[in-house]
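User: Please take a close look at one part of this model for me and explain each term as you go. After that, I would like to see how the rest of the picture connects to it.

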There are 2 protein chains.
Amino acid sequence: MQQEEQNQETHGKIEVILQAAQRRLGLYGYEKTTMKEIADDISMSKAALYYYFTDKDAIFKAVVEREQKEFSALIEKKIAELDNPEEMVKVYIDQRMRYFREFMNLSKFRSTEPEQVKPLLKELFFRFRLEEQKLLVKILKIGNSSGQFHCENEELYADLFLNIVKGLRFSLIQQKPYIELAPEELEVLVNAFHDFTTLFIRGLKYNESKYYK
Amino acid sequence: MQQEEQNQETHGKIEVILQAAQRRLGLYGYEKTTMKEIADDISMSKAALYYYFTDKDAIFKAVVEREQKEFSALIEKKIAELDNPEEMVKVYIDQRMRYFREFMNLSKFRSTEPEQVKPLLKELFFRFRLEEQKLLVKILKIGNSSGQFHCENEELYADLFLNIVKGLRFSLIQQKPYIELAPEELEVLVNAFHDFTTLFIRGLKYNESKYYK
DNA sequence: TATCTGACCATTTTGTTTAAAAGGTCAAAG
DNA sequence: CTTTGACCTTTTAAACAAAATGGTCAGATA
């Protein structure tokens, strides 16, 4: 919206636009969602969308940012309720999984566009990744200071953890043109995440000094 | 070759064909390598290739199978020289990495064809994966019986390990149209593999009973 | 003034047609 | 037993027109 002063209806309209965009984005992905479709969905003219948003990217950026913030808030809240770092990791992976399947149909970005992810999204995902990393580092540090974990380099392991989680998704969901969460595939993924988390936590708990080699 | 009885030169010719195919395959991938090019490379007519191989797939299947067997033989030999299972895992990951970058330009299969991997290759990769899995299970069992590892389910962890290795590749090498091993990217990958292996081994060595929680 | 629209533009995507190149076959020659 | 050139059928690539898309703007609406 290019005007500074806004009518009380403006926020409502923006919300309506974002919801329509989000629905389309989730169903068909970025490329297969047109401005006209969004406009028609909410009985607006296409031009009106450009009154509230500068361009298509701005709309989808807003959608993605909102979903990301939603997840971050949720996960932070969930974790704040816990005190055991091991539990925190487990909850994190569990929630991340849900997020991925429920909200993150945004992954269709990649599948629709064969190769290059839009720079716009690259930046968004990058920032999101940084937040995830920060949260994980925090958890690892809690674990270290409570003596449950023995992790020399929290940043490194947080990074590794996130790369593996991302990689397992890639690896197990054979990247298809359409991203559909077939229940059986999802179960495989859930199990892999679970097993990996167990292993990861064991790796963190492992204390060299307790072993003679 | 459709004849049962073969002239001593036949094997030589097949070898020449396979080498030409392998070179082309490594450089340009499956789709971008034509039968005519292979034939021209070795100063043969295209039709002659069909005397030795039933079709294009047969040639590339032979190439891939040969490279896979080459790797399997090498890795089995290297591992047989060791007695420490921890070392075995490390050597395995190290050799697998080399194999990936040096011989496995076959990965270009995937990059050239946007989405679906040829069924032919799917089967080959699947069989190869089974062999890798078998080898890893063997290593894990050695570790278990020597008391160094405490791994309840060897198959499961071998599978997980291989999925993660595959996933890390996907995850870190942003899948590009061309697969070029930029030294810096390779280093990132090597480091990730190293860190993961460390973590994995710790996870295997971790013994619940030694910890009171 | 704040919100919205239809007509309009430039560029990209999509369809369709055509020519070239691809994989593959075969009778016949060496 | 090998090899070939001519030939076949199917796939891919080039070229071009038609449609659709993101985006703009003067002006209507209220």
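Analyst: Let's begin with the polar contact, which is a pair of N or O atoms within 3.5 Å; inside the protein, one of them must be able to donate a hydrogen and the other to accept it, and residues adjacent in sequence count only through side-chain atoms. The model is predicted, so to speak a computed picture: local features need pLDDT of at least 70, side-chain atom pairs need 80 or more, totals for chains, interfaces and linings use all residues, and side-chain values use heavy atoms without hydrogens or water. Residues are numbered from 1 along each chain, chains are lettered from A and ligands numbered from 1, in the order written.

The part to look at closely is the protein surface beside DNA strand C. A phosphate oxygen of this strand lies 2.2 Å from an N or O atom in the side chain of Y51(A). K13(A) also reaches a phosphate oxygen of DNA strand C, with a polar side-chain atom at 2.4 Å. M35(B) takes part through its backbone instead: one of its polar backbone atoms is 2.9 Å from a phosphate oxygen of the strand.

Now widen the view a little. A residue is near the strand if one of its heavy atoms lies within 4 Å of it. DNA strand C has 19 residues around it, and those that come nearest are T10(A), K13(A), Y51(A), Y52(A) and K56(B). Of the strand's atoms that come within 4 Å of the protein, 61% belong to sugar and phosphate.

Which classes of residue make up this surface? Eight are nonpolar, five polar and six charged. In this sorting, Ala, Val, Leu, Ile, Met, Phe, Trp, Tyr, Cys and Pro are nonpolar, Asp, Glu, Lys and Arg are charged, and the others, Gly among them, are polar.

Helices, numbered from the N terminus, are DSSP runs of H or I with at least four residues, while strands are E runs of at least two. At least two residues of the surface near DNA strand C come from each of α1 (8–28) and α3 (46–52) of chain A and α3 (46–52) of chain B. The most is given by α3(A), with four residues.

K56(B) leads us from the DNA into the protein. The charged end of K56(B) sits over the ring of Y30(B), 4.3 Å from its centre; the rule is NZ of Lys or CZ of Arg within 6 Å of the ring centre and within 35 degrees of the ring normal. In chain A, the charged end of K56(A) sits over the ring of Y30(A), again with 4.3 Å to the centre.

Next, look at the loop between α2 (35–41) and α3 of chain A, where S43(A) is found. S43(A) has a positive phi of about 55 degrees, although it is not a glycine. With 68% relative accessibility, S43(A) counts as exposed (exposed is over 50%, buried under 20% and partly exposed in between, using a 1.4 Å probe on protein chains only).

Salt bridges also tie parts of the chains together. There are 28 of them over all chains, each a side-chain nitrogen of Lys or Arg within 4 Å of a carboxyl oxygen of Asp or Glu. One of them joins E15(B) and R66(B), at 2.6 Å from N to O. This pair links distant parts of chain B, with E15(B) in helix α1 (residues 8–28) and R66(B) in helix α4, 51 residues apart. E15(B) is partly exposed because its relative accessibility is 30%, and R66(B) is partly exposed at 24%. In chain A, R24(A), E37(A) and D41(A) are linked in a network of salt bridges.

Finally, the aromatic rings: 18 pairs are counted over all chains. Rings of Phe, Tyr and Trp (its six-membered ring) pair if their centres lie within 6.5 Å, and planes under 30 degrees apart are stacked, over 60 edge-to-face, and the rest tilted. F161(A) and F200(A) form a tilted pair, 4.6 Å between centres and 55 degrees between planes. F161(A) lies in helix α8 (residues 154–172) and F200(A) in helix α9 (residues 183–205) of chain A, 39 residues apart. Both F161(A) and F200(A) are buried. Together with Y92(A) and F196(A), they form one aromatic cluster.
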